[in-house]
Amino acid sequence: MFLAASSNTKSTNPFGGQAKVLGYGIIMLILGSRAFGQCAALSLIGDSINFEGVNIFYYQHNDQVRIKYAYQGFELNLGDSLAFDCNTRYNPSVPKATWRNDYYIGFTSGCGSSCFANYLLPLQSGLNFQEAGQLLIDTTKTIYVSIYKTIDKLLPYVEVKNHLSQKSQTFNLNSGSFPVAIPLEYLDYSVAHPKGFKYENSTLSLFLRDGQKLDFEIEL
């Protein structure tokens with residue numbers, strides 16, 4: 001905003017008076033808006049994507065990129081729930097759709113093997129946006145498994161959650177099973193076990209670097 005004060009003295013304004021100052025201000029606002037409109041993140045991902053029948057739209061809101069989507073008549077604008085900085089240039093950190101079932105579409109973002117996040121976006125009314133676990137083991141029931149350490153004694157444990165029913169199971173582990181600071185990194189991701197786990201016939205098997213195989217019976 002430009003403020004003009006009246007004066008009897010001769011103007012020393014280098015732009016030639018109030019009218020030209022106003023004109024200059026408008027030009028700068030236009031140029032500024034064009035510059036602001038060059039959203040780096042949108043150049044990475046585009047603004048419209050169809051993922052398995054879900055129409056996903058990335059759009060700029062001030063200095064953010066926000067997400068809205070539509071699927072079979074259901075529409076949702078996430079607002080700032082899953083927004084990210086417009087100047088983001090690191091592609092993996094941009095939330096992207098990776099899978100879906102009839103209830104949720106899963107989004108993942110990250111910055112490396114141990115730095116990532118999973119999100120569940122509803123595809124039906126009555127369901128809510130959720131932060132998911134670490135490893136998706138059942139797409140039909142939307143079951144995730146996570147491996148954490150307790151805050152007080154740093155003891156490892158496994159948490160399995162069905163995000164449709166909101167039911168979960170927890171299994172305590174001994175401290176020798178996952179000796180590293182980030183338990184997820186101790187899974188064996190070799191050619192024999194590229195996912196680090198197997199989920200079959202309601203049994204979850206975790207394969208560890210030291211050759212251990214841990215089995216858990218899942219009732220969710």
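In what follows, helices and strands are DSSP runs, numbered from the N terminus, where a helix has at least four residues and a strand at least two. With that convention in place, I turn to the second largest pocket, whose lining takes its largest share, three residues, from S10. Please bear in mind throughout that this is a predicted model.

Let me remain with this pocket for a moment. Its space amounts to about 200 Å³. The residues that line the pocket are Leu135, Leu136, Ile137, Tyr189, Pro194, Lys195, Phe197 and Tyr199. Two strands, S10 (135-138) and S14 (197-200), each contribute at least two residues to the lining. As for chemical class, seven lining residues are nonpolar, one is charged, and no polar residue takes part.

I now step back to the chain as a whole. The protein chain contains two helices and 16 strands. Of its 220 residues, 37% are buried. If one takes the contacts between residues at least 6 apart in sequence, 34% of them join residues at least 24 apart.

The next topic is the interior. In soluble globular proteins, nonpolar side chains tend to be buried together. In this model, the largest nonpolar core has 24 residues, and those with the most contacts inside it are Ile56, Tyr58, Val65, Tyr69, Ile105, Phe107 and Leu121. Which elements give two or more residues to this core? They are H2 together with strands S2 (54-61), S3 (64-71), S7 (104-112) and S8 (115-122). S3 provides the largest share of this core, with four residues.

Leu121 serves as an example of the packing. Setting aside its neighbours within four places in sequence, Leu121 is in contact with Tyr69, Leu78, Leu82, Tyr103, Tyr104, Ile105, Phe107 and Phe129. Apart from this core lies another, of 20 residues, which includes Ile143, Val158, Val160 and Leu208.

I come next to the covalent cross-link. The structure holds one disulfide. Cys39 and Cys86 form this bond, and their sulfur atoms are 2.0 Å apart. What does the pair tie together? Cys39 sits in the loop between helix H1 (18-37) and helix H2 (40-45), while Cys86 sits in the loop between strand S5 (84-85) and strand S6 (96-100), so the disulfide ties together parts that are 47 residues apart in sequence. Are these two cysteines buried or exposed? Buried means under 20% relative accessible area. Cys39, with a relative accessible area of 6%, is therefore buried, and Cys86, at 4% relative accessibility, is buried as well.

Finally, I should like to point out two backbone details. Gln72 is not a glycine, yet it has a positive phi of about 50 degrees. Gln72 is placed in the loop between S3 and strand S4 (74-77). A positive phi of about 50 degrees is also found at Asn201, again not a glycine. Asn201 belongs to the loop between S14 and strand S15 (203-207). As to solvent accessibility, exposed means over 50% relative accessible area. Gln72, at 71% relative accessibility, therefore counts as exposed, and Asn201 likewise counts as exposed at 71%.

To close, I return to the pocket with which I began. S14, which precedes the loop that holds Asn201, is one of the strands that supply at least two residues of the pocket lining.

Note on methods
Residues are numbered from 1 along each chain as its sequence is written. This is a predicted model: local features need pLDDT of at least 70, side-chain atom pairs count only at pLDDT 80 or more; totals for chains, interfaces and linings use all residues. Side-chain values use heavy atoms; hydrogens and water are left out. On a 1 Å grid over the protein atoms alone, a cavity is a set of points where a 1.4 Å probe fits but cannot get out, and a pocket is an open set with protein on both sides within 12 Å along at least five of seven lines; lining residues have an atom within 4 Å of a point. Grid points are joined across faces, edges and corners, and a volume is the space filled by probe spheres set on the points. Ala, Val, Leu, Ile, Met, Phe, Trp, Tyr, Cys and Pro count as nonpolar, Asp, Glu, Lys and Arg as charged, and the others, Gly among them, as polar. A disulfide is a pair of cysteine sulfur atoms within 2.5 Å. Buried means under 20% relative accessible area, exposed over 50%, partly exposed in between (1.4 Å probe, protein chains only). A nonpolar core is a set of buried Ala, Val, Leu, Ile, Met, Phe, Trp, Tyr and Cys residues joined through side-chain atoms within 4.5 Å. Contact means heavy atoms within 4.5 Å.
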